[in-house]
Amino acid sequence: MALSVTLQINGHRVEAAVPANTLLVDFIREDLGLTGTHQGCDTAQCGACTVLVDGAASKSCNLLVAQVNGSAITTIEGLATEGGALHPMQQAFGRHHALQCGYCTSGMVMRGVAMAAEGVPAEAEAVRCALTGNLCRCTGYRGIVDAVCEGLQRMREVPAA
Ligand code: FES
Ligand code: FES
């Protein structure tokens, strides 16, 4: 059975009819073509599929589109400005070389962005704790933790418009 849903995706209204069992990650990647959101495990463990749902970090492999009907979804593609300027969290990942293969990176960045609203301090221990649930098989995490700390600091210095 198809369900009619209406969502805001990266600030744009999207209306669609989807089968009731459609996962949010499949809708984002396959229906909308926003392939910056990755799929690593499909069992809600790796965090590669993390997006923001009404500002909260959420694993899109663990949600049905029907569950988020009416919500505002932000994917990695929605972080940069219209002019292409990268989000402070993205810039921090670049500065700290916080990626190797990049498979986990969009999920890490989205998780980092959500930490600002959660009030996570820009301190390594707090960030490590908050990153539980986002796995990286390459980097050893040090660069990621440093990048998230810097991104949080920058976000607090220059609040989003
Ligand atoms: S693909 Fe969603 S948590 Fe791994
Ligand atoms: S950079 Fe390869 S999984 Fe994190």
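These are my notebook entries on a predicted model of a two-domain protein.

**Entry 1: the domains**

I started with the division of the protein. Domain 1 covers 2-78 and domain 2 covers 88-157. I took the distance between their C-alpha centres and got 21 Å. Then I listed the contact between them. Domain 1 puts 15 residues into it, and domain 2 puts in 13 residues.

Next I asked which strands supply the side of domain 1 that touches domain 2. Strand S3 (50-53) and strand S4 (56-59) each give at least two residues. S3 gives the most, with 3 residues. I also sorted that side of domain 1 by residue type. I found 8 nonpolar residues, 7 polar and no charged.

**Entry 2: the sheet**

I moved on to the strands. The model has an open sheet of 5 strands with mixed pairing. I read the order as S2-S1-S5-S3-S4. Which strands stand at the edges? They are S2 (12-19) and S4. Each has a single partner strand, so one side of each has no neighbour in the sheet. From one strand to the next, the twist averages 40°.

I then went through the pairs. S1 and S2 run antiparallel and are joined by 8 bridges. Within this pair, Val5 has Ala16 as its bridge partner in S2. Leu7 has Val14 as its partner in S2. I looked at the hairpin of S1 and S2 as well. There are 2 residues between the strands, and Asn10 has a positive phi near 50°.

The pairing of S1 with S5 (residues 72-74) is parallel, with 2 bridges. Here Ile9 stands opposite Ile73 in S5. S3 and S4 are antiparallel, with 4 bridges. Leu52 has Ala57 as its bridge partner in S4.

I checked the cover on S2 last. How many of its 8 residues are buried? The count is 0, so S2 is hardly covered, given that a buried residue needs 20 or more other C-beta atoms within 10 Å.

**Entry 3: helices on the sheet**

I looked at H1 (24-31). Its buried residues are Leu24, Val25, Asp26, Phe27 and Ile28. I noted that Asp26 is in this list. The buried residues of H1 pack against S2 and S3. After H1 comes Gly33, with a positive phi near 75°.

From domain 2, I picked H3 (105-118). H3 lies across S3 and S4. Its direction is at about 35° to S3.

**Entry 4: the core**

I then looked up the largest nonpolar core. It has 45 residues. Which members touch the most other members? Leu52, Met110, Val113 and Val148 do. I listed the elements that give two or more residues to the core. They are S1 (2-9), H1, S3, H2 (88-95), H3, H4 (124-130) and H5 (142-157). The core takes at least three residues from each of domain 1 and domain 2. A general point fits here: in soluble globular proteins, nonpolar side chains tend to be buried together.

I followed Val148 further. Leaving aside neighbours within four places in sequence, I found Val148 in contact with Gly112, Met115 and Val127.

**Entry 5: two single residues**

I took Val109 first. Val109 lies in H3. Is Val109 buried or exposed? It is buried, because 27 other C-beta atoms lie within 10 Å. Outside its neighbours within four places in sequence, Val109 is in contact with Ile76, Met89, Gln90 and Phe93. I also took the C-alpha separation of Val109 and Leu3. They are 106 residues apart along the chain and 31 Å apart in space.

Ala124 came next. Ala124 is in H4. Ala124 has 14 C-beta neighbours inside 10 Å, so I put it down as partly exposed. Leaving out neighbours within four places in sequence, Ala124 is in contact with Val145 and Cys149. I took the second of these further. Ala124 and Cys149 are 25 residues apart in sequence, but their C-alpha atoms are 6.7 Å apart.

**Entry 6: to keep in mind**

I keep three points from these pages. S3 gives the most to the side of domain 1 that touches domain 2. The largest nonpolar core draws on each of the domains. S2 stands at an edge of the sheet, and 0 of its 8 residues are buried.

Notes
Residues are numbered from 1 along each chain as its sequence is written. Chains are lettered from A and ligands numbered from 1 in the order in which they are written. This is a predicted model: local features need pLDDT of at least 70, side-chain atom pairs count only at pLDDT 80 or more; totals for chains, interfaces and linings use all residues. Domain bounds come from an automatic or database domain assignment. Two residues are in contact if their C-beta atoms, placed from the backbone, lie within 7 Å. Ala, Val, Leu, Ile, Met, Phe, Trp, Tyr, Cys and Pro count as nonpolar, Asp, Glu, Lys and Arg as charged, and the others, Gly among them, as polar. A nonpolar core is a set of buried Ala, Val, Leu, Ile, Met, Phe, Trp, Tyr and Cys residues joined through C-beta atoms within 7 Å. A residue is buried if 20 or more other C-beta atoms lie within 10 Å of its own, exposed if 12 or fewer, and partly exposed in between; C-beta atoms are placed from the backbone. Two strands pair if DSSP finds at least two bridges between them. Axes are lines fitted to C-alpha atoms, for helices over the stretch in contact, and angles run from 0 to 180 degrees between N-to-C directions.
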